[in-house]
Amino acid sequence: MRFLTFLIICSTLLSSCKEEKKEATISINKPEAIKETISYAKGFSISNHKGYKKLVVNSAWPNSNKTFTYLLVNKGEKRPEHDANAKIIEIPIKTLVAVSTTNIPTLEYLGVDNSLIGFPNTKYICAEKTRARVDNGDIKELGNDLELNIELLLELKPDLVLGFSVNGINKKLDQIEKLGIPVALDGAWTEQHPLGRAEWIKFIAAFYNKEEKADSIFKAIETNYLKAKEVAKTTAKKPIVMSGSSFKDVWNVPGGKSFIAKYFEDANADYLWKDNNNNGSLQLNFENVLEKAQNAEFWVGSGNFDSKKEMLNEHKGYAFFNAYKNNHVYTYTKRKGAKGGLLYYELGTLRPDLILKDLIKIVHPELLNDYETFFFKRLE
C-alpha cells in the first residue's frame, strides 16, 4: 500500500512539473526592483519586484560558478514571466524539510519552527524545542542526508526542501526537484565573514515573508558582535593562538582568510597562520605544526575532545605543545544536545557574537570579567 501511494504521488508531481515547464518564457528584469540590504554575506541577494521577490544564490558551494534564481510568489498571485532556469516557489511556505542543523536555530528565532516536518539524522538536533517535536513524532526522521528517504519525503510533500551542496553534485536533491518538490540551496557555510554566515537568516526569512523580523534579529547580533570587537581592541596584548588537530596523520589548520581566522583577528589575537591566503583549511603534517606552534600561548579549537587525556590517547605528540602543558587548550564541546550533538555546530552559524565573546574571554579574560563562555571550555 505504501509503495502504491508512492507511485500515485510521483505520477501527480511529475504531471505538475510538466505543466510548469510550459510557462517558461524570456527573462524580464523589472526596473522597479528594490534590493534588500545585505551587509556582510556575499553569496546571495534579494530584490523586491512588483508581485514577487527574486532570490539569487551565487555561492552555493566553494568556488561555484553557477547561479540559482528563485522567484518567490505569494500564493494566489500571478506568476511572473521568467526564464527556464528560474524556479518559482509559492510563499509563504507552511511546511519545510531541512538537512542541516544550522537551519534549526534560524527557524526558532523567526518563530516558524513548527513548519519543520522532516529532517535527516534527527539525533544530532540539540535545540530543546525542536528536540521535543522530534520526540513527539512531529518531525519525521528521513535517514541520512546523502540518502534521504524519498518515499517518506513524498508522503510529507513539503512546500520546500532547504538543502546544501558540497561540490555541486546533488543527485538526491536533483531527484527531489524532478518529483516536483522545490529545492533551495543554502550557502551560508561558504561565507568568509562570521556575520556573513549569520546574515543568511534573511535568505530563509524570505520564504516566510519574515524579512522584517530577520533584519531585527540580525541587527541585534551584529551590534553585539561589533561591540565585543571594540572591547577586544582596548588592549595592546595580542596572545599567540594556534588551532586545529591531527586526523589520520594530517593536521587540519584554518587558513588565514577563513572565517575562523577572522574570529581570531576580531578577538585581537595573533593567529599563527594569519598570513596564509587560503580561505578553507590547510592540510599539514605534525612536524610542520610543531615547528611553528610549539610555543603558542593558546590552543583554541582542538577538535571534539572532552579532556586532555582523550587528546593524548589520540596522539601522543599533543603533549609537546606549550599550550597543552600549560592547560590552555580550549574546545567548543561545552554544550551538547540530549543525543550528543554539539550546540556549537547548530547555533554557532547564527550567533557569531557569542563565539567572538568566548574567544575574547579565553585570550583576554580581564576584558570580560562577568562573562562566562557559552560554547567553549578549557580541557582539564
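1. Let's begin with strand 15, residues 250-254. Strand 15 is joined by 4 bridges to strand 17 (residues 281-284), and the two run antiparallel. Two strands count as paired here if DSSP finds at least two bridges between them. Strands are DSSP runs of E with at least two residues, while helices are runs of H or I with at least four residues, and both are numbered from the N terminus. Within this pairing, Trp 251 has Leu 284 of strand 17 as its bridge partner.

2. A word on what you are looking at. This is a predicted model, in which local features need pLDDT of at least 70 and side-chain atom pairs count only at pLDDT 80 or more, whereas totals for chains, interfaces and linings use all residues. Residues are numbered from 1 along each chain as its sequence is written, and side-chain values use heavy atoms, with hydrogens and water left out.

3. Strand 15 has another partner to look at. Strand 14 (residues 245-247) runs antiparallel to strand 15, and 3 bridges join them. Ser 245 is matched with Asn 252 of strand 15. The two strands make a hairpin with 2 residues between them, and Lys 248 in the turn has a positive phi of about 50 degrees. As background, strands of a sheet pair through backbone hydrogen bonds, either parallel or antiparallel.

4. Now for a parallel example. An open sheet is built from 5 strands in the order 8-7-6-11-12, with parallel pairing. Which strands are at the edges? They are strand 8 (140-141) and strand 12 (183-185), each pairing on one side only. Further in, strand 6 (residues 96-98) and strand 11 (residues 160-163) pair in the parallel sense over 3 bridges. Here Ala 98 stands opposite Leu 162 of strand 11.

5. Next, look at the helix on this sheet. Helix 2 (residues 103-110) lies across strand 6, strand 7 (116-119) and strand 11, and runs at about 175 degrees to strand 7. Such angles run from 0 to 180 degrees between N-to-C directions, using axes that are lines fitted to C-alpha atoms, for helices over the stretch in contact. Thr 106 is a residue of helix 2. Thr 106 is buried, with a relative accessible area of 6%; buried means under 20% relative accessible area, exposed over 50%, and partly exposed in between (1.4 Å probe, protein chains only). Apart from neighbours within four places in sequence, Thr 106 contacts Ile 201, Ile 204 and Leu 350, where contact means heavy atoms within 4.5 Å.

6. Pro 182 is worth a visit too. You will find Pro 182 in the loop between helix 5 and strand 12, partly exposed at a relative accessible area of 25%. Pro 182 and Ile 88 are 94 residues apart in sequence, yet their C-alpha atoms are 8.2 Å apart in space. Not counting residues up to four places away in sequence, Pro 182 touches Ile 89, Asp 159, Leu 160 and Val 161.

7. How do two helices meet? Helix 8 (residues 211-232) and helix 9 (residues 259-266) pack at an angle of about 55 degrees, their axes being 9 Å apart. Helix 8 and helix 9 are therefore oblique to each other; under 35 degrees would count as roughly parallel, over 145 as roughly antiparallel, 65 to 115 as roughly perpendicular, and the rest as oblique. At the contact, Tyr 225, Lys 229 and Ala 232 of helix 8 meet Lys 262, Tyr 263 and Asp 266 of helix 9. These residues divide into 3 nonpolar, no polar and 3 charged. In this grouping Ala, Val, Leu, Ile, Met, Phe, Trp, Tyr, Cys and Pro count as nonpolar, Asp, Glu, Lys and Arg as charged, and the others, Gly among them, as polar.

8. The same contact holds a salt bridge between Lys 229 and Asp 266, with the closest N and O atoms 3.6 Å apart. A salt bridge is a side-chain nitrogen of Lys or Arg within 4 Å of a carboxyl oxygen of Asp or Glu. The pair links distant parts of the chain, 37 residues apart. Lys 229 is partly exposed at 21%, whereas Asp 266 is buried at 3%.

9. Finally, how many salt bridges does a search of the whole structure find? The search finds 20. One of them joins Glu 147 and Lys 172 (3.7 Å, N to O). Glu 147 lies in strand 10 and Lys 172 in helix 5, so this pair ties together parts that are 25 residues apart in sequence.
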